[in-house]
Amino acid sequence: MKRMLIILFALSSLLGCEDSPILDYEPKYVVEAFLLIDHPIENIYIYISQPITDTFRYENSLVSDATVTLYAGSRSYSLTFDATRGYCYPDTTVRIASGIEYTLEITFPDGKRAYGTTRTPERIYWIQPPKDRLQYPKDPLNYTFPDSLKVEWSLPDSLPEGFIVSYRCLDTLNYGKYLSPPTEEKNERVESVFANFDQFPAETNQWGFIAANWMPIVWYGFKWYGLHEIAVYNPDQNFINWYKLTRFSGSSPRYNPLLGSVHGDAIGVVGSAAVIRDTTFIIKPPKE
Amino acid sequence: MRKIQLIGKLLSLSLLWIGTLSAAFPLEQSAGSLSGYVYDSSSREPLVSATVLLKETNSGRYTNADGYFLFPELPYGTYHLSIRYIGYKPKDVTVRITPERPQQTIHILLSPRTVQIDEVTVEAEQEIEKREVIVSRVQLPVEQLKAIRIAGEQDIFRTIQYLPGVLSSSQLSSGLYIRGGSPDQNLILLDDATVYNPSHVFGFYSTFNPEAIKDIQLYKGGFPAEYGDRLSAVLDITQKEGNKREYHGKIGVGLLSSQLSVEGPIPLPFESSFFFAGRRTYLEVIRPFLPEDPENPLPDFYFYDLNGKLTFRPFPNDKIMINGFLTRDILSAMTPGTDFLLGITNRAVSLRWNHIFNPKLLATAVLASSYYENQLTGTTFGYDFSTLNSIEDQSLKVTIEYYPNDRLSLKSGVEYRHYNFLYYQNFSGSDTALPEGSGEFGRINIPVNDFTISSFLQASYKLSDLLLLQAGFRTLRMDLRNLTVGMPRFAIRYQFHPDYALKLAWGMYKQYFYLAYQPNFSFFDTWFPVDPLTEPPTAQHYILSLESSAFSQFKLSLDLYYKPMKHIAEFNRYSLAGTTVRDIFFFGKGTAYGAEIFLQKSHGKITGWIGYAYGFVQWQIDSINYGEPFNPRYDRRHDFKIVLNYNYSPKWQFSASFLFQSGQPYTGITSRFQSKLPGDNVGRGVVIPSQRYGLRLPPSHQLNFGVRYSTHIFGKYKALISLDIFNVYSRRDILTRFYDTTSEKTVVTDIKLLPIVPSISMEVSL
């Protein structure tokens with residue numbers, strides 16, 4: 001009996017020796033800057049990382065009082081913070097050019113500094129843009145894919161590892177107002193099996209990575225019916241690396257310094273892309 | 001033509017060297033030699049590593065893979081041999097060496113027995129050890145390898161993972177991490193053919209059907225010059241030859257798979273036999289009875305493996321074996337919008353010819369071919385994709401063994417190996433063919449051809465009854481890399497006490513390959529040769545080993561090892577468009593060191609082992625962890641294991657195994673942020689890691705039980721019923737700990753491994 005008790009005690013000791021994850025908070029500055037060719041200087045955000053033991057609040061992580069300067073050759077642009085555009089250059093007539101090296105320099109409120117450089121890639125053009133209207137199939141799983149449901153774009157001279165494609169719902173509320181004649185019909189979510197796999201139901205923007213200059217219309221891409229924007233990005237390598245970091249790891253992306261492009265006292269990305277966009281309207285399948 | 005000339009030159013040099021040495025060590029006129037073979041009496045299957053003790057000289061030998069042994073120099077006289085093998089009745093034989101019959105070859109038949117009481121074998125082994133410097137080698141009787149089953153399936157690699165110093169990346173993986181080396185650093189040979197992916201179910205089971213295996217030898221380090229081109233370890237597996245007298249069959253039925261083996265003599269005028277074994281899963285048979293969600297369908301999966309061997313002895317001194325091995329895993333699924341099929345194939349064939357020129361001079365020629373491929377094909381909404389990665393090698397190896405006298409033994413060989421690698425990827429959405437050697441956006445079709453030539457010389461010399469030296473030198477010529485490297489190896493054995501011996505080994509090891517793989521799932525293992533821009537991975541093995549036979553029936557060994565490595569490679573999982581090996585791997589250096597203690601009992605009613613290893617593994621790679629040293633995921637400080645088999649009676653056998661290991665390192669988290677690409681309104685929560693693998697998961701421990709009952713069914717067929725409980729107290733190890741940032745609240749989630757798995761299986765011998 002005594003022996004049995006010793007064995008049981010030893011067993012319970014073994015079972016009880018699990019550790020708990022260590023969650024020491026170490027704040028870190030994070031820079032996310034995406035310069036889009038032919039667009040104003042904007043889309044530059046600076047964050048301070050938050051403890052994972054607290055509920056995450058995006059607004060709390062925004063850093064709005066850093067000193068941010070963008071350099072393009074001999075020219076420099078002092079950027080200011082705007083709640084909707086992030087750090088931006090107030091003069092929206094100044095546009096990002098193709099084939100230029102841009103360097104972003106940041107001085108944080110506590111005096112720390114960071115920088116990153118990107119060379120903007122070539123422009124691309126639609127060869128076959130999306131159709132104005134797409135009829136969402138009744139049974140997308142057993143639907144054939146005619147060529148008319150294909151989008152295609154030009155190949156730049158300097159090929160990227162891949163193109164990045166996004167489907168974005170531009171109006172999740174309204175549907176009928178885009179019809180002719182307009183109606184009061186409200187927009188609604190696509191009812192499909194794909195919705196079961198969606199870990200980010202509130203996200204209106206869906207992304208894909210493709211090593212070709214064409215793609216079929218992928219019904220996965222639509223979470224709502226109605227008005228959508230389909231965009232194709234010809235990204236620089238910094239953009240691609242950041243995409244891999246944030247989108248290749250499912251629900252648990254983890255920062256990897258090899259995929260970042262910010263140096264100094266921060267982590268993050270300074271990337272650029274040429275982008276082409278077009279809209280399409282997803283028509284609800286006919287009611288049974 | 002150039003290759004053939006090179007091989008010819010090396011072979012001639014090798015023969016010349018052996019010839020010179022044989023002239024230097026002429027046979028004494030008053031001496032003869034004694035050689036022989038040890039077989040199973042009922043099947044005539046050669047017994048590997050049987051012990052043969054010559055009582056008059058108190059010297060011993062192990063039999064080789066053909067059951068062969070040799071005492072090269074014996075003065076005329078009468079000798080008494082004692083032959084022992086685990087699970088067989090011992091046998092004593094008397095032989096006379098006379099001037100009329102100076103060279104004698106005998107054939108010894110041993111009869112199997114159920115109850116094992118055999119102390120003499122241990123004594124014989126002690127004597128044999130004095131003649132060979134065998135460092136860090138573990139020989140496991142196949143019966144003991146059957147001690148651990150999961151879901152009724154025996155698995156050789158699972159049992160090998162119960163040796164001290166052999167680790168796994170997780171309970172899910174059958175990959176072997178030996179003394180700080182990763183699975184690609186292990187040379188796995190099946191009847192002389194290399195096996196590149198020895199796993200089923202994407203790493204969960206090993207491909208080797210225990211029913212087809214006769215012998216397994218594992219070198220955990222310090223392996224001799226005859227083995228090469230890998231950094232860490234060698235697993236040398238020999239398949240059964242088959243019964244040479246009667247036809248037999250065996251059927252085994254388990255929860256996941258069934259197996260069938262047949263063996264018997266081939267009706268030829270000379271001794272010959274065949275052995276074939278097959279195993280197949282039948283998940284697809286069970287599947288219709290499982291509840292299924294049409295929106296989230298279960299994939300179709302099956303695997304099978306086939307083993308075969310034909311053995312011929314057309315002349316007394318010639319033996320020819322044809323070996324075959326084929327495995328196939330298929331996973332296919334039709335998920336919403338996407339269909340795919342993933343297939344993994346291993347294939348190995350070898351032709352081996354053994355010739356005995358005279359009892360002291362033996363030659364072996366092996367012609368072998370190995371092939372491994374993984375292939376994925378599929379379509380998403382009409383967008384096709386496919387990949388095919390493969391490696392194929394064809395080799396010719398000639399080895400000569402020469403035993404001029406009782407003090408010296410020599411072994412030399414040369415090997416030519418031709419490789420075909422293929423890397424095919426098509427993510428362009430088009431299924432049109434791409435010419436070989438070309439690449440374009442989203443598509444590559446690159447075959448790589450290369451060859452290597454290896455040669456080795458190895459000599460063991462007994463300086464005195466107490467001191468034995470072994471020296472070897474191996475060369476490797478890598479054609480694509482345009483580099484020839486040399487690898488010296490030395491070992492010393494000193495018997496400083498009748499019951500204790502000290503061994504010291506040092507060796508240089510170089511590897512020809514890199515392997516891109518996932519530690520837990522071997523879906524897309526891809527092999528790459530050393531190319532002109534990379535250096536071959538290199539390791540040195542320093543081993544100090546103390547062996548003791550002071551304890552009756554037990555073998556005790558204590559090994560200290562230190563293994564510095566350089567040019568080791570870590571797969572860069574984010575490299576999508578790499579065109580050279582440098583683009584696909586990060587390179588750095590590493591160190592592994594530690595101590596292992598191993599107490600093994602191979603004879604008697606209770607058999608098994610207890611082992612403990614204390615080890616460190618550290619890597620330093622400039623591109624990882626900011627260039628700071630880190631412990632890789634399979635670094636575990638403590639590793640304690642027990643495996644016990646109890647032969648209670650001829651009908652009942654019990655087995656138990658237990659392990660306790662330090663937790664695996666993992667990377668902690670310091671904070672999170674929300675990343676938003678252009679146009680995102682939610683984005684993704686990204687966590688920021690702390691030092692790579694700076695924390696440790698809870699320790700792993702696991703207890704398994706097994707009961708085997710032997711009986712007869714229908715009055716004449718032998719049946720073995722096995723009841724096994726895997727993970728008795730359902731300790732669920734953590735596979736990985738991740739941080740779910742899909743919501744504003746970060747959730748720390750552990751993915752846990754298998755709970756308790758009871759199983760029952762039955763084998764029937766016909």
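Strand S2 (residues 51-54) of chain B is joined to S3(B) by 4 bridges, and the two run antiparallel. Keep in mind that this is a predicted model. The pair belongs to an open sheet of 4 strands in chain B, and the cysteines of chain A get a quick look at the end.

**The S2-S3 hairpin**
- S2(B) and S3(B) make a hairpin, with 4 residues between them.
- In the turn sits B:Asn58, which has a positive phi of about 55°.
- Looking across the pair, B:Leu53 has B:Gly60 in S3(B) as its bridge partner.
- S3(B) is covered on both faces: B:Ser59 and B:Arg61 are buried on one side, and B:Gly60 and B:Tyr62 are buried on the other.

**The whole sheet**
- Reading across the open sheet in chain B, the strand order is S3-S2-S5-S6, with antiparallel pairing.
- The edges are strand S3 (59-62) and strand S6 (91-97) of chain B, each pairing on one side only.
- On average, neighbouring strands of this sheet are turned by 25° against each other, direction ignored.

**The S5-S6 pair**
- Strand S5 (residues 77-84) of chain B connects to S6(B) through 7 bridges, and these two run antiparallel.
- Within this pair, B:Tyr79 stands opposite B:Val95 in S6(B).

**Cysteines and disulfides**
- How many disulfides does a search of the whole structure find? The count is 0 over all chains.
- A:Cys88 is buried, at a relative accessible area of 3%.
- A:Cys169 is buried too, with a relative accessible area of 5%.

Key: Residues are numbered from 1 along each chain as its sequence is written. Chains are lettered from A and ligands numbered from 1 in the order in which they are written. This is a predicted model: local features need pLDDT of at least 70, side-chain atom pairs count only at pLDDT 80 or more; totals for chains, interfaces and linings use all residues. Side-chain values use heavy atoms; hydrogens and water are left out. A disulfide is a pair of cysteine sulfur atoms within 2.5 Å. Buried means under 20% relative accessible area, exposed over 50%, partly exposed in between (1.4 Å probe, protein chains only). Two strands pair if DSSP finds at least two bridges between them. Axes are lines fitted to C-alpha atoms, for helices over the stretch in contact, and angles run from 0 to 180 degrees between N-to-C directions.
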